[in-house]
Every structure is written in structure tokens, then in C-alpha cells.
Amino acid sequence: MNNTKNNKSTAFLFKQALDKKLTSDISKQHKDSLRYVYNHFMAFLGEDGRETSIKKLKTAQIEEFLQRYNSSATSYMNKRRDLSVLFNTATRLIDENLMTIKKTEVKRIKATLHLAYEKEQLQPVLDFLKGNHTNLYRCCLMTYGCLLRPHEEIRLLTKKHFKKDNTEIHLAGNENKGGRVRVAFVPDYVREELEPVLAQLKRDDNIFSLTKEPFNYTYFAKQWSRERKKLLSHGLVCPKQTLYSFRHTAAINVFRRTKDVYVVQKMMAHSSVVVTLKYLRSLGEFNTDELRAAAPVL
């Protein structure tokens, strides 16, 4: 195989691209997704396809591969995104700007709303979880009260993250999705729930596993999936309400109190106000009193 700069095989460049992304500062979930699409795309190409130049890849080939994930627009676009990451990283290695994947079909994804909890729903849902799954209850309480992300942030919390008499949670840049140092306020109702646990832990102990090793990435997703079936059967949640709905509910409640989207953005640690606005989509459901208060006057 000729390994001069512009004649390296597709397999060689994609493997270099994958290795580069796996050593970068991206989430474990993203790394797993890249590994998945890499393995399946290499298998799709076959031996001959893997040994050809990346510049000979055709848009039609890429689309044929992506059609395997055509069960939904979300599935298709997720694989298109992951393949694009590897393809673009690979082509930069040979100083090329190829449009092969950019020319593939784009499917419009209908946003899946993490439907916010109604005011009268929130406490009964939390009460049910408190009586059935303590760890999940505490995760949901912090997702709502501290506006933290359950899988990337809350799951990994240790005693050392709690500062100032447990009234603040401090996260380093590599400990949260935003990549910047973050300080989250801990409301009294969260602090009162956690302090008996924190008092028994060593500095580096995880607040859920109670050891230095946290539960795996899918822990809360699996626990929520199990408890959600019970919540649905009791009529306590709706089908579109999820674990992330606690965070969406908090964002909406903060906005309703402050009327300031930038305060919400700061509390949610969003990189852009555009992201914050997506969390506020449920605000179309204003009640009559809110509409009357917001009406323009002369």
C-alpha cells in the first residue's frame, strides 16, 4: 500500500481519524458512537473499498450505507453526523476538503420534546421515586433543583464537589458538558436530602455508589426506564415526559420567575442562548393570567 500523503487508503485515514477523536475531549457516549459507525462503515466498504483512496468514495456509496439507518430521521442523521466527523477528520489529514458526505441527503428531524412536568405533577412524581428508588429520586431532585445533567454530571458527583457547607457544587471544565468551570447552587431541599449521605463519605467517594467507582454511564437511564413503566401505569407521567423533563421543567420555572432568558442560560450552563430557547418551547402553554399580565398596554 502506498502511504504517500495523498494516496493513503480509506481504511488507514479513517483509523487515524478515529484514534484522533478517541484521544480528544469528547464524551464517552460520542466515542462509542464513532467506534460503532467506523466498524460498520469499514465492514460495508469491504476489503477492496477499504484499500482505495478516500478521494474515490462516491456520495452514492455513502447514501447506500446510511440507508441502513433509515428507520427514522433521527437515526439516519445521527449516523450521518458521526460518519461526517470521521470523514472530515480523515480528509484534513491529507489537506483535502471533500464534499462527498455533505452532498448526501439531509433528513428533517422532528424535535422530540422532553415535556415539562405540570406544577401539580412534580411533587407526586418525586414522592413516588423517593419511595421506590432512592438513587434515582436524588438524581431527579438534583436534575431539577441544581439544573445539572443526570448522566454526564450528577452521576459522577463525589463528596469533594460540594463546597461552602454543601450549598454549592463546583465542577471543573472537564467535568461538565460545557467544558468550563461551573458552580451550581444547591437548594435547601436538595442539601437536606444529601447531607446525611455526604457525612458518611470520604472525599473521593461517589454519592450514589458510595465508593470511588461511579456507576456506569447508562445507570440512571436504565433505572428510569424501569420506574417509568410504573409511573405511567399510575398515571403520574405522560409518554413524552422523561428524566430530562426535570431539567426542562426547572428551566421553564426559572424563566417564569425571572423573565430573563440569559439568567436561564447561565444557570443551565448552555453555550448559546439558542440552546436555552429550545428548553423553553413548552412556554407556548401560558395560562390566562400569564397572557393577561403580558398583554401590551397603551
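**Reading the predicted model**

Q: What is the mean pLDDT of the chain in this predicted model?
A: The model is predicted. Of the chain's residues, 90% reach a pLDDT of 70 or more. The mean over the chain is 88.

Q: Over which residues is the pLDDT below 50?
A: Where pLDDT is low, predicted coordinates should not be read in detail. One such stretch has nine contacts in the model beyond near neighbours in sequence. Its pLDDT is below 50, and it covers residues 1-5.

Q: Are helices H5 and H6 roughly parallel or roughly antiparallel?
A: The axes of H5 (residues 119-132) and H6 come within 6 Å. They cross at roughly 150 degrees. Angles over 145 degrees count as roughly antiparallel. H5 and H6 are therefore roughly antiparallel.

Q: Which residues of H6 meet H5?
A: The crossing of the two helices is left-handed. H5 contributes Leu 122, Leu 126, Leu 129, Lys 130 and Asn 132. Their partners in H6 are Thr 134, Leu 136, Tyr 137, Cys 140, Leu 141 and Tyr 144.

Q: How many disulfides does the structure hold?
A: A disulfide needs two cysteine sulfur atoms within 2.5 Å. For Cys 140, the nearest cysteine sulfur is that of Cys 139, 5.4 Å away. Cys 140 is in no disulfide. For the structure, the count is zero.

Q: Is His 151 buried or exposed?
A: His 151 lies in the loop between helix H6 (134-145) and strand S1 (162-163). Among the residues it touches are Tyr 217, Phe 220 and Leu 243. Its relative accessibility is 11%. The cut-off is under 20%, so His 151 counts as buried.

Note on methods:
Residues are numbered from 1 along each chain as its sequence is written. This is a predicted model: local features need pLDDT of at least 70, side-chain atom pairs count only at pLDDT 80 or more; totals for chains, interfaces and linings use all residues. Side-chain values use heavy atoms; hydrogens and water are left out. pLDDT is the predictor's confidence in each residue, from 0 to 100. Contact means heavy atoms within 4.5 Å. Helices (H or I, at least four residues) and strands (E, at least two) are DSSP runs, numbered from the N terminus. Buried means under 20% relative accessible area, exposed over 50%, partly exposed in between (1.4 Å probe, protein chains only). Axes are lines fitted to C-alpha atoms, for helices over the stretch in contact, and angles run from 0 to 180 degrees between N-to-C directions. Angles under 35 degrees count as roughly parallel, over 145 as roughly antiparallel, 65 to 115 as roughly perpendicular and the rest as oblique. A crossing is left-handed if the near helix is turned anticlockwise from the far one by less than a right angle, and right-handed if clockwise. Lists of a residue's contacts leave out its neighbours within four places in sequence.
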